[in-house]
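The following exercises are to be worked with the sequence and the model at hand. Each task is followed by a solution in steps.

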Amino acid sequence: MSKEKNLDTAFFGQPRGLSTLFFTEMWERFSYYGMRAILLFYMYYAVTKGGLGMDQATAASIMAIYGSLVYLSSVVGGWLSDRVWGSRKTVFIGGVLIMFGHIALSLPAGVTALYVSIALIVIGTGLLKPNVSEMVGGLYSPDDERRDSGFSMFVFGINLGAAVAPWAVPWAANGFGFHLFGNEMNFHAGFSLAAIGMFFGLLQYTLDGRKYLSKDSLYPNDPIEKDDLRPIIIWTLVGVAVLVVVLGLLAAMGQLNITNIINIITFIAIALPIYYFIMMLNSKKVTKPEKSRVIAYIPLFIAAAIFWAIEESGSVVLALFAEQRTVLHIGSWHFAAANFQTLNPLFIMILTPVFVALWDHWKGQPSAPGKFSAGLVFAGLSYILMAFPGMMYGTAGRVSPFWLVGSWFIVEIGEMLISPIGLSVTTKLAPKAFKSQMMSMWFLADSAGQAVNAQIVKYYSSATEVPYFMIVGIVSIVFGIILMFFVKKIHSLMDGVN
């Protein structure tokens, strides 16, 4: 019997296990993006409007660093999967923590509940996300040409949940269309809906996963030995001690505030991937060809960080633009600023079939570095476009919502060139001993980008929007052009990986 006839094609030509992971991630993204659609407004809306009454700059910085922490924690999730629990159990524990994080936000307990929720969702997402993606890669053999299209379908599932959530969760927060809460926003009702979404994700994952996921996912790839455990415990305690000392010194100097905590997290988010690259390149478990591939991954990592800094600003800078500078109706159709968050996943779902067909049929298509280069140019153009309303009409009034629609469409073309390709190439370039942890590196690029956002978003306002959009957009375009000149060199370092 031929190799092709032995292939599992039960889910639209893909392995049946892809369906399990597709819907698990769909529900997880419903919960996360539903929460994210209203969280910024919850933080800086006045208490009389149902919010916490934070100042806008602080709320925006927290929003960005929250996103950074979510992906920063993926390092822990990757390590626990590789060394302790295996990916299947790690994903389940992460989902439970995420659900309880949304439950915490659904309680009217003010800032305390906000920070408890952040901690739970940060840890939970770090356990879940890299390992779900790693399991997708595990569904395919190294030479299975369906891998890129399979990852594109997986990303489609992510965005299906993310597209529905920015309508469903704000709708719940606004009284399900019946103005049940008067003029206030009942943000807690919206957060409750996010918790329910995560519950459905866990239910589907548990029941379906037993049948269709590989038994290999029940075991760690590189089980930790007893001799290795002692130094890990020691270094963990040292890290915790250093953090406690730093926070104690800040408290003693009267500088223990959210701004300095954000600064510390930014430093960690940038320093950690540098440490990881050095560690993998010096590991005895990594072969010479694998080290070459890790080196090839470095410029792709930097490109991804720049891209995600722009793409992830949709829930911060573009959310502020939507709420403060955009006409929130088209004719008689009125909508909420939070609803714009649906544009990101909506355009990805529209574009995914186009790009799946493109990659399946384009024989002379660019390599991964070439796609990354083009993706950065598109990301930069999306920000350049957002500078035009202020240049043309000033920054005091409101402008057409189609500026935001156009900007999101352009950046999502860039995402189709970077996100599914990045997920796929990360699994291909990963050293065998660092499979899940290498997937964590992909999410660390997002973390680093959002950590930088947490610093620069403080300078965004209606008055500064034109130079803000122009400068960030130009940086992305310039780096994309530079990367274009190094495509062949990077591809050669990938050592046979296409």
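A crossing of two helices is left-handed if the near helix is turned anticlockwise from the far one by less than a right angle, and right-handed if clockwise. The model is predicted: local features need pLDDT of at least 70 and side-chain atom pairs pLDDT 80 or more, whereas totals for chains, interfaces and linings use all residues. Residues are numbered from 1 along each chain as its sequence is written, and side-chain values use heavy atoms, with hydrogens and water left out.

**Exercise 1. Two helix pairs**

Describe how helix 6 crosses helix 14, and give the residues that make the contact.

Solution. Two packed helices are described by the angle between their axes and the distance between the axes. Helices here are DSSP runs (H or I, at least four residues), numbered from the N terminus. Axes are lines fitted to C-alpha atoms over the stretch in contact, and angles run from 0 to 180 degrees between N-to-C directions.

Step 1. The axes of helix 6 (residues 147-173) and helix 14 (residues 402-429) come within 9 Å, at a crossing angle of roughly 130 degrees. Helix 6 is therefore oblique to helix 14; angles under 35 degrees count as roughly parallel, over 145 as roughly antiparallel, 65 to 115 as roughly perpendicular and the rest as oblique.

Step 2. The crossing of helix 6 and helix 14 is right-handed.

Step 3. Helix 6 contributes R147, D148, F151, S152 and V155, and helix 14 contributes P420, L423, S424, T427 and K428. Contact means heavy atoms within 4.5 Å.

Step 4. By class, the contact of helix 6 with helix 14 has four nonpolar, three polar and three charged residues. Ala, Val, Leu, Ile, Met, Phe, Trp, Tyr, Cys and Pro count as nonpolar, Asp, Glu, Lys and Arg as charged, and the others, Gly among them, as polar.

Now treat helix 2 and helix 5 in the same manner.

Step 5. The axes of helix 2 and helix 5 (residues 110-137) come within 7 Å and cross at roughly 35 degrees.

Step 6. From helix 2, I62, Y66, L69, V70 and Y71 meet Y115, S117, I118, I121, V122, T125, G126 and K129 of helix 5. The classes in this contact are nine nonpolar, three polar and one charged.

**Exercise 2. Salt bridges**

How many salt bridges does the structure hold? Examine three of them, and state how far each partner is covered.

Solution. Step 1. The structure holds five salt bridges, a salt bridge being a side-chain nitrogen of Lys or Arg within 4 Å of a carboxyl oxygen of Asp or Glu.

Step 2. D208 pairs with R16, the closest N and O atoms being 3.5 Å apart. D208 lies in helix 7 (residues 187-212) and R16 in the segment before helix 1, 192 residues apart. D208 is buried because its relative accessible area is 13%, while R16, at 23%, counts as partly exposed. The cut-offs are under 20% relative accessible area for buried, over 50% for exposed, and in between for partly exposed (1.4 Å probe, protein chains only).

Step 3. E312 and R36 meet in a salt bridge with an N to O distance of 2.7 Å. E312 belongs to the loop between helix 10 and helix 11 and R36 to helix 1, so the pair ties together parts that are 276 residues apart in sequence. E312 is buried at 2% relative accessible area, and R36 is buried at 8%.

Step 4. R29, in helix 1, forms a salt bridge with E28, with the closest N and O atoms 2.6 Å apart. Both R29 and E28 are buried; for R29 the relative accessibility is 1%. Leaving aside neighbours within four places in sequence, R29 is in contact with G34, Y71, T125, K129, I158, G161 and A162.

**Exercise 3. Covered sites**

Establish the surroundings of F301, S367 and helix 11.

Solution. Step 1. F301 lies in helix 10 (residues 288-311) and is buried, at 7% relative accessible area. Not counting residues up to four places away in sequence, F301 touches P273, F277, M441, L444 and A445. F301 and M441 are 140 residues apart in sequence, yet 8.0 Å apart in space, C-alpha to C-alpha.

Step 2. S367 is in the loop between helix 12 (343-361) and helix 13 (368-393). S367 counts as buried because its relative accessible area is 18%. Beyond its neighbours within four places in sequence, S367 is in contact with V487 and H491.

Step 3. In helix 11 (residues 317-325), eight of the nine residues are buried: V317, L318, A319, L320, F321, A322, E323 and R325. These buried residues pack against helix 1 (17-44), helix 2 (56-72), helix 13, helix 14 and helix 16 (465-484).
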